[in-house]
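User: Hi! Could you take a close look at the sheets and the nonpolar core of this model for me, and tell me how they fit together?

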Amino acid sequence: MPESLLTVLKFFFLALLWLFFARVMWAVWAEVNAPAAAPAPSSPRSGAPAAAPARASGGGESTRLRVVEPPDRRGTTYDLGDELTVGRASGCQVSMPDDSYASQLHARIYRKDGRLWLEDLGSTNGTYLNAKSVTTPVALRRGDRVQVGRTVLEVTK
């Protein structure tokens with residue numbers, strides 16, 4: 001092999017190595033510098049999941065998130081207020097400390113113009129709405145399924 005070809009391959013490999021290193025550092029930086037979550041409201045029962053305050057919409061019913069997966073948390077519900085964060089951090093209103101595929105601050109659900117919106121907060125593994133990746137804020141409807149890590153949540157009334 002000619003010496004010049006080996007030199008070009010060496011620099012190409014070095015560039016790929018630096019790109020890999022930069023991607024790893026970006027992912028770590030995004031996890032460490034995630035926006036701070038609002039503190040979760042205290043729950044009347046110890047061990048009960050924290051939830052955002054209930055807010056009526058339409059006919060007096062509050063919109064909720066119901067856990068569909070994993071089986072050990074199935075049926076747990078969270079009332080949706082004006083804003084709700086989802087992730088592994090203890091300050092998240094929907095805290096999933098055992099889900100290693102969820103980021104500390106993974107996603108948020110918020111109200112804007114009378115509608116519910118889902119936004120990914122730069123998570124490592126992504127947020128999915130009805131099995132489609134969420135890259136920009138998207139509107140939620142009753143029956144939609146949101147996947148954060150290994151946890152699947154359904155929007156209910």
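Analyst: Happy to help; here is a walk through the two sheets, then the core, and last a loop glycine and the pocket.

This is a predicted model, in which local features need pLDDT of at least 70 and side-chain atom pairs count only at pLDDT 80 or more, while totals for chains, interfaces and linings use all residues. Residues are numbered from 1 along each chain as its sequence is written, and side-chain values use heavy atoms, with hydrogens and water left out.

Let's begin with the five-stranded sheet. Strands here are DSSP runs of type E with at least two residues, numbered from the N terminus, and two strands pair if DSSP finds at least two bridges between them. The sheet is open, with the order E6-E5-E7-E8-E11 and mixed pairing. Its edges are strand E6 (94-95) and strand E11 (138-140), each of which pairs on one side only. E5 and E6 run parallel, joined by two bridges, and Gly87 stands opposite Ser95 there. On to E7: E5 pairs with E7 in the antiparallel sense over four bridges, with Thr85 opposite Arg108 and Leu84 bridged to Ile109. E7 and E8 are antiparallel as well, with six bridges between them, and Arg111 faces Leu116 in E8. Two residues lie between the strands of this hairpin, where Asp113 takes a positive phi near 55°. Three antiparallel bridges then link E8 to E11, and Leu118 has Val138 as its bridge partner.

The other sheet is also open: six strands in the order E4-E3-E13-E12-E9-E10, with antiparallel pairing. Strand E4 (77-79) and strand E10 (132-133) stand at its edges with a single partner strand each, so one side of each has no neighbour in the sheet. E3 and E4 are joined by three bridges in the antiparallel sense, and Leu65 stands opposite Tyr78 in E4.

Now the core. A nonpolar core is a set of buried Ala, Val, Leu, Ile, Met, Phe, Trp, Tyr and Cys residues joined through side-chain atoms within 4.5 Å, where buried means under 20% relative accessible area with a 1.4 Å probe and protein chains only. The largest one has 20 residues, and those touching the most other members are Leu65, Leu84, Val86, Ile109, Leu118, Leu140 and Val148. Strands giving two or more residues to this core include E3 (64-69), E5 (83-87), E7 (107-112) and E13 (151-156). E5 is mostly covered, with four of its five residues buried. Leu65 is in contact (heavy atoms within 4.5 Å) with residues including Tyr78, Leu84, Ile109 and Leu153, leaving aside neighbours within four places in sequence.

Next, the loop between E12 and E13, where Gly149 is placed. Gly149 counts as buried because its relative accessibility is 15%. Beyond its neighbours within four places in sequence, Gly149 contacts Asp99, Tyr101, Ala102 and His106. Ser123 is 26 residues away from Gly149 in sequence, with 9.4 Å between their C-alpha atoms.

Asp99 also helps to line the largest pocket, together with residues including Arg73, Ser100 and Arg150. This pocket has a volume of about 220 Å³, and its lining divides into three nonpolar, two polar and five charged residues. A pocket is an open set of points on a 1 Å grid over the protein atoms alone where a 1.4 Å probe fits, with protein on both sides within 12 Å along at least five of seven lines; lining residues have an atom within 4 Å of a point.

Technical notes. Grid points are joined across faces, edges and corners, and a volume is the space filled by probe spheres set on the points. Ala, Val, Leu, Ile, Met, Phe, Trp, Tyr, Cys and Pro count as nonpolar, Asp, Glu, Lys and Arg as charged, and the others, Gly among them, as polar. Buried means under 20% relative accessible area, exposed over 50%, partly exposed in between (1.4 Å probe, protein chains only).
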